[in-house]
Each structure stands twice: as structure tokens, then as C-alpha cells.
Amino acid sequence: REQSFFRGWYQAAFLGHILAGPPAILLALVLVNPALRERSPRWHRRLGRFEAALVGLILAPSGLVMATEPLPWLPPTERVVAGLGFATLALATEATVALGFIAACRRRFTEHERWMERCMALLLSAPILRIMGGTATLVAPDLPWTYAASAWASWLLPLLTVERSEEHTSELQ
């Protein structure tokens, strides 16, 4: 990424993204713990506000900037498709954290929980993308469109899993 790293906002976005990403994932894992919510709702609120700021003000916007420069050695069409996948992921992540935050402020906790589950699925796209990329490198290193497909599948599959689990839960009730 040397061609794009030192141009414009990309470098700041990249640094913000790699510095905010791991803490955002770890904090999300803490926040979904029911024991924290039940035993210390005040800490859940405080950490949740920090998480919303981290994701909404740093992680998602930096991801959107980075989506404008996906891997430069990809063929142009594949680069555009991958970039659109990552841009859509950034916008969806921004939307889920914002809607979850708004629901919590309105004390709509069931709705808040669903939006945060979606947000968590989107946050997990980063490690899933790395697993997909590593697997593709081992199994089919020269397969075209692997990166572009992974750019979409790494977040759509977890999000669809969350949505499907909601449908299943609704059917059981």
C-alpha cells in the first residue's frame, strides 16, 4: 500500500483504523457480557458511550477513507468491487452503532441489543477477512476475485447470521 499510504488522508485513516479496531472489538466483547449489564449498568453505559465514540468517530470513518484505496495491485474492476464492499461495511457499521446508541438513549433496550449485535457482527469482519485471506492464500492463491469476494463476504455472512438468528428467535416466541 506504499503508493497510497502517504497520500492525503489515507495515512491518518490507516493509523486511526488499526489503533481503534482491536480495542473496539475487545470492548464489544466485554459489553455483550450480560453479567456486566446486570451487575454494573453504570459501567456498561460508560463503556458503551466510549465504544460508540470509538466506532462512530474513528473506526467507521477511517474505514470509509481506506475503502477508497483498496489493494493497488488488484485489477481495476476488482479494486472497485472490493472498495465498494469496504465502503458499504463502513457505512453499515456507522449506522448500526448510531441506531444502537439512539435506541439506548431512548431506553429501548431490546432494540439497542439487536443493533449492537449487528454492530458486533460487522466489527468481527476484520478477523474474518484475515482468516478468509489466509485460507484463500493456502488453498487457491491465484484465484481471481478472491479479495473482492472476501471484502463483501467477511461482513455479509456474519450479519446474515445475526439476522437469521433473530428470525429464528422470533419464530420460537
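Q: Is Glu117 buried, partly exposed or exposed, and at what relative accessibility?
A: Quick note first: this is a predicted model, where local features need pLDDT of at least 70, side-chain atom pairs count only at pLDDT 80 or more, and totals for chains, interfaces and linings use all residues. Numbering starts from 1 along each chain as its sequence is written, and side-chain values use heavy atoms, with hydrogens and water left out. The scale is buried under 20% relative accessible area, exposed over 50% and partly exposed in between, using a 1.4 Å probe and protein chains only. Glu117 therefore counts as partly exposed, at 27%.

Q: Which helix holds Glu117?
A: Helices here are DSSP runs of H or I with at least four residues, strands are E runs of at least two, and numbering goes from the N terminus. Glu117 falls within residues 109–123, and that run is helix H6.

Q: How far apart are the C-alpha atoms of Glu117 and Gly134?
A: Along the chain, Glu117 and Gly134 are 17 residues apart. In space, their C-alpha atoms are separated by 26 Å.

Q: Is His112 buried or exposed?
A: His112 also belongs to helix H6. Its relative accessibility is 16%, which is why His112 counts as buried.

Q: Which residues does His112 touch, not counting those up to four places away in sequence?
A: A contact means heavy atoms within 4.5 Å. With that cut-off, and with residues up to four places away in sequence left out, His112 touches His44, Gly100, Phe101, Ala103 and Ala104.

Q: At what angle do H6 and helix H7 pack?
A: Axes are lines fitted to C-alpha atoms, for helices over the stretch in contact, and angles run from 0 to 180 degrees between N-to-C directions. H7 covers residues 125–139, and its axis is 5 Å from that of H6. The packing angle is about 35 degrees.

Q: How do the residues of the contact of H6 with H7 divide by class?
A: On the H6 side you'll find Ala121, Leu122 and Leu123, meeting Ser125, Ala126 and Pro127 of H7. For sorting, Ala, Val, Leu, Ile, Met, Phe, Trp, Tyr, Cys and Pro count as nonpolar, Asp, Glu, Lys and Arg as charged, and the others, Gly among them, as polar. The split is 5 nonpolar, 1 polar and no charged.

Q: What is the handedness of the crossing where H2 passes H4?
A: The axes of H2 (residues 10–31) and H4 (residues 41–66) come within 8 Å and cross at roughly 145 degrees. A crossing is left-handed if the near helix is turned anticlockwise from the far one by less than a right angle, and right-handed if clockwise. Here, H2 passes H4 in a crossing that is left-handed.

Q: How many charged residues are in the contact of H2 with H4?
A: The nonpolar residues number 18 and the polar ones 7. The charged count is 1.

Q: What is the phi of Arg107?
A: Arg107 sits in the loop between H5 and H6. With a relative accessible area of 62%, Arg107 is exposed. It isn't a glycine, yet phi is positive, near 65 degrees.

Q: What is the phi of Trp145?
A: Look in the loop between H7 and helix H8 (146–172). Trp145 counts as partly exposed because its relative accessibility is 37%. Trp145 is not a glycine either, and its phi is positive, about 70 degrees.

Q: How far apart in space are Leu160 and Ala121, C-alpha to C-alpha?
A: Leu160 is part of helix H8 and counts as exposed at 54% relative accessibility. Leu160 and Ala121 are 39 residues apart in sequence. C-alpha to C-alpha, the distance is 9.0 Å.

Q: What radius of gyration does the protein chain have?
A: The chain has 8 helices and 0 strands. The radius is taken over C-alpha atoms, and the globule rule is 2.2 Å times the number of residues to the power 0.38. For 173 residues, a compact globule would come out near 16 Å, which agrees with the chain's 17 Å.

Q: What share of the area exposed by the protein chain do carbon and sulfur atoms supply?
A: Accessible areas come from the Shrake-Rupley method with a 1.4 Å probe, and for residues only the protein chains shown count as cover. The chain exposes about 10,600 Å². The carbon and sulfur share is 67%.
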